[in-house]
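This briefing covers a helix crossing, a salt bridge, aromatic pairs and a few single residues. The structure is shown first, and the notes follow by topic.

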Amino acid sequence: MRMVEVKNAATASSPFERVARMASGNAVVVFSVSSCCMCHVVKRLLLGLGVGPTVYELDQLDKAGSCEIQAVLEHLLAAGVATGGAGCSSTSTAPSATAVAVPAVFVGGKLLGGVEKVMSCHINGSLVPLLKQAGALWL
């Protein structure tokens, strides 16, 4: 797991571009909060599968940058719930009323989803092939 510290909040012209750039920096990227138990679950699952994700701990970023990133992630996760998200197949089609910003998992630069989507993909067997396709696993 690679922990990343982001120092310059103004490197992209918009928060959406900044998140897109951060998400495409590695085969698997996790936006997390260090005190969030569901973030810990997702990180442990990925590590247990042999994936070394890049992890952005939002509570360790400057407050302005963290708030912007969380707003973008909430927007993307809400849109992902409405459209079924990217990547794996899932039988769950019930959208949640509110999107929680973390954990947010990107695989191959595309939003996979939050903890529910990641766990759903793991349980139905589509997570490992998705990780292989993105180059995060070599087995």
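The axes of H2 and helix H4 (residues 115–124) cross at roughly 35° and come within 10 Å. The model is predicted. Besides this crossing, the structure holds one salt bridge and two aromatic pairs.

**Helix crossing**

- The crossing of H2 and H4 is left-handed.
- On the H2 side the contact is made by Met 38, Val 41, Val 42 and Leu 45, which meet Val 115, Val 118, Met 119 and His 122 in H4.
- By residue class, the contact of H2 with H4 has seven nonpolar residues, one polar and no charged.
- The polar residue is His 122, because His is not among the residue types that count as nonpolar or charged.

**Salt bridge**

- Lys 43 and Glu 57 form a salt bridge, with 2.7 Å between the closest N and O atoms.
- Lys 43 lies in helix H2 (residues 37–48) and Glu 57 in strand E3 (residues 54–57), so the salt bridge ties together parts that are 14 residues apart in sequence.
- Lys 43 has a relative accessible area of 9% and is therefore buried, the limit for that class being under 20%.
- Glu 57 is also buried, at a relative accessible area of 4%.

**Aromatic cluster**

- Phe 31 and Tyr 56 form a stacked pair, 5.3 Å centre to centre with 20° between the planes.
- Phe 31 lies in strand E2 (residues 28–32) and Tyr 56 in strand E3, so this pair ties together parts that are 25 residues apart in sequence.
- Phe 31 and Phe 106 form an edge-to-face pair, 5.6 Å centre to centre with 75° between the planes.
- Phe 106 lies in strand E4 (residues 104–107) and Phe 31 in strand E2, so here the parts tied together are 75 residues apart in sequence.
- Ring pairs thus link Phe 31, Tyr 56 and Phe 106 into a cluster.
- Both Phe 31 and Tyr 56 are buried, Phe 31 with a relative accessible area of 0%.
- Phe 106 counts as buried as well, at 4% relative accessibility.

**Ala 27 and its contacts**

- Ala 27 is placed in the loop between helix H1 (15–23) and E2.
- With a relative accessible area of 16%, Ala 27 is buried.
- Leaving aside residues up to four places away in sequence, Ala 27 touches Phe 106, Val 107, Gly 108, Ala 134, Gly 135 and Ala 136.
- Of these, Phe 106 is also a member of the aromatic cluster.
- Ala 27 and Gly 108 are 81 residues apart along the chain, and 4.8 Å separates their C-alpha atoms.

**Gly 65**

- Gly 65 is found in helix H3, and is buried with a relative accessible area of 1%.
- From C-alpha to C-alpha, Gly 65 and Pro 15 are 8.3 Å apart in space, while in sequence they are 50 residues apart.

**Cis peptide bond**

- Val 102 and Pro 103 are joined by a cis peptide bond, with omega about -5°.
- Most peptide bonds are trans.
- Pro 103 lies in the loop between helix H3 (63–83) and E4.

Key:
Residues are numbered from 1 along each chain as its sequence is written. This is a predicted model: local features need pLDDT of at least 70, side-chain atom pairs count only at pLDDT 80 or more; totals for chains, interfaces and linings use all residues. Side-chain values use heavy atoms; hydrogens and water are left out. A salt bridge is a side-chain nitrogen of Lys or Arg within 4 Å of a carboxyl oxygen of Asp or Glu. Helices (H or I, at least four residues) and strands (E, at least two) are DSSP runs, numbered from the N terminus. Buried means under 20% relative accessible area, exposed over 50%, partly exposed in between (1.4 Å probe, protein chains only). Rings of Phe, Tyr and Trp (its six-membered ring) pair if their centres lie within 6.5 Å; planes under 30 degrees apart count as stacked, over 60 as edge-to-face and the rest as tilted. Axes are lines fitted to C-alpha atoms, for helices over the stretch in contact, and angles run from 0 to 180 degrees between N-to-C directions. A crossing is left-handed if the near helix is turned anticlockwise from the far one by less than a right angle, and right-handed if clockwise. Contact means heavy atoms within 4.5 Å.
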